[in-house]
Amino acid sequence: MESQDMTSLRETTAVADTGSRADADDLAMGETSALRAVMKHAEGCPVVFSTGYLCRRAQAIRDSPNHFYMTGSMGLALAIAAGIAAGLPPSRPVVAIDGDGSWLMNPANAVLIGTCGLVNVHHIVLDNGSYMSTGGQPTVSGQVDFAAAAHALSFGGVATVNNCRELDERLTAAFSAPVASSTFTHCRVRPVPGAPGGRLMLPLDQVRDRFQSWISTVAHQG
Amino acid sequence: MATFFADHGYGPCTGVPCGILAPLFAELERMPQGFIYAPREDTAIAMACGSITTGCKPLVVMQNSGLGQSVNALASLAIPYRFPLPMIVSLRGIAPDTTEENRSMGDLTIPLLDRLGIPNRVARANFFPADLHWLHEVTGTGVAGPAALLVEPSFFEWSPRT
């Protein structure tokens with residue numbers, strides 16, 4: 001009950017912010033649409049996907065060697081991305097895509113961005129308000145100002161987006177600008193019921209091998 | 001010790017401090033590659049794994065209490081993805097450390113590593129260069145996975161009074 005109330009409150013606030021029925025429809029941006037948009041902008045970049053459902057959904061949309069599917073180790077996607085970014089030139093953007101539950105598990109990851117002085121990490125949290133892969137239990141995301149927290153922990157550029165247009169504008173700016181600072185984007189999405197696509201096709205060590213080979217041939221260039 | 005890692009091209013070096021290993025942290029901080037203090041040990045492991053994909057040779061240093069924090073990062077990331085990850089882990093809870101809060105993890109550290117299938121050995125004060133070479137070799141042979149060099153309280157002359 002509490003989670004429904006929080007969801008209603010969040011949607012009401014967001015609709016009031018945007019002020020039109022069309023935008024209210026936009027608010028219902030499904031997480032698959034959001035993920036597809038992020039993947040399109042992140043083409044050619046190393047991308048770390050967090051935990052089971054996000055990995056499976058990404059694989060179902062488009063499998064690619066630049067994808068690191070982190071199927072376990074919930075809460076550590078940004079730390080992996082930070083390690084990748086630390087080993088690449090600052091001009092190479094690195095992307096981490098988390099769910100709200102994963103972010104809530106380990107927000108302290110973000111201090112690595114400041115500690116290591118990383119300017120090439122784009123962290124995107126798709127917030128559907130629930131732990132989808134375990135049955136849709138509610139997270140406490142409605143209580144948390146993700147963008148403010150990310151800013152306090154290290155990220156220079158932070159934003160919250162509520163619809164496809166805002167997400168697209170945000171990602172266009174993040175990926176086309178000369179890299180000057182790592183960014184954090186909190187993206188409110190509607191949960192998509194049902195299975196997210198099949199389990200990973202590759203064994204996990206081959207996920208790493210393929211990703212590492214791709215990095216060695218592509219990401220060090222330019 | 002730190003010179004060995006600098007000479008063999010290690011970096012990034014990351015982890016969370018431990019009193020037993022304080023002299024090592026001080027040495028690593030002075031090395032050209034520096035030392036990155038992470039907020040949690042599992043976070044350090046994940047960052048190190050990410051760096052491996054770019055061709056880096058990271059080192060993770062932690063107290064064994066942090067090994068407890070890191071079980072999932074090892075079990076679901078470093079081991080199944082076969083990341084060749086060298087770790088230096090202290091042994092709090094081993095004599096002369098009788099602190100109650102560390103005793104259980106002291107007892108558990110080696111059995112835990114053994115059950116995870118993580119190669120490990122205790123560093124010997126008189127033979128530690130060989131032990132460092134062992135860590136270097138076991139994570140550099142292509143048979144990828146994490147390995148741990150364990151450091152007892154007496155190694156750097158830690159005492160309960162410190």
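**Salt bridges and a loop glycine: group meeting talk**

Hi everyone, let's start with a small network: B:Arg121, B:Arg124 and B:Asp131 are joined to one another through salt bridges. Please keep in mind that what you have in front of you is a predicted model.

Let me take one pair out of that network. The side chains of B:Asp131 and B:Arg121 form a salt bridge, with N and O 2.8 Å apart. This pair ties together distant parts of the chain: B:Asp131 sits in helix H7 of chain B (residues 128-138), B:Arg121 belongs to strand E5 (residues 120-122), and the two positions lie 10 residues apart in the numbering sense of being 10 residues apart. Is B:Asp131 buried or exposed? It counts as buried, because its relative accessibility is 0%, and the cut-off for buried is under 20%. B:Arg121, on the other hand, comes out at 29% relative accessibility, so it is classed as partly exposed.

As a general reminder, side chains of opposite charge can pair when their charged atoms come close.

Now, how many salt bridges are there over all chains? The count is eight.

Staying with chain B, let's look at another of them. B:Arg40 and B:Asp42 meet through their side chains in a salt bridge, at 2.7 Å from N to O. B:Arg40 is partly exposed, since its relative accessibility is 24%. B:Asp42 is buried, because its relative accessible area is 6%. You'll find B:Asp42 in helix H3 of chain B, which covers residues 41-52. And what does B:Asp42 contact, leaving aside neighbours within four places in sequence? The partners are A:Leu76 from chain A, along with B:Gln69, B:Ser70 and B:Ala73.

Over to chain A, where A:Asp209 and A:Arg208 make a salt bridge whose closest N and O atoms are 3.4 Å apart. Here A:Asp209 is partly exposed, given its 36% relative accessibility, while A:Arg208 is buried, with a relative accessible area of 8%.

Last stop, a glycine. A:Gly156 lies in the loop of chain A that runs between helix H8 (146-153) and strand E7 (157-161). With a relative accessible area of 48%, A:Gly156 is partly exposed; the exposed class needs over 50%, so this residue does not qualify. Setting aside neighbours within four places in sequence, A:Gly156 touches A:His151, A:Ser181 and A:Ser182. How far is A:Gly156 from A:Gly197 in space? Their C-alpha atoms are 35 Å apart, and in sequence the two are separated by 41 residues.

That's my tour, thanks for listening!

Terms used: Residues numbered from 1 in each chain as written. Chains lettered and ligands numbered in written order. Predicted model: local features only at pLDDT ≥ 70, side-chain atom pairs only at ≥ 80, totals over all residues. Heavy atoms only, no water. Helix = DSSP H or I, 4+ residues; strand = E, 2+ residues; numbered from the N terminus. Buried < 20%, exposed > 50% of the residue type's maximum accessible area, 1.4 Å probe, protein only. Contact = heavy atoms within 4.5 Å. Salt bridge = Lys/Arg side-chain N within 4 Å of Asp/Glu carboxyl O.
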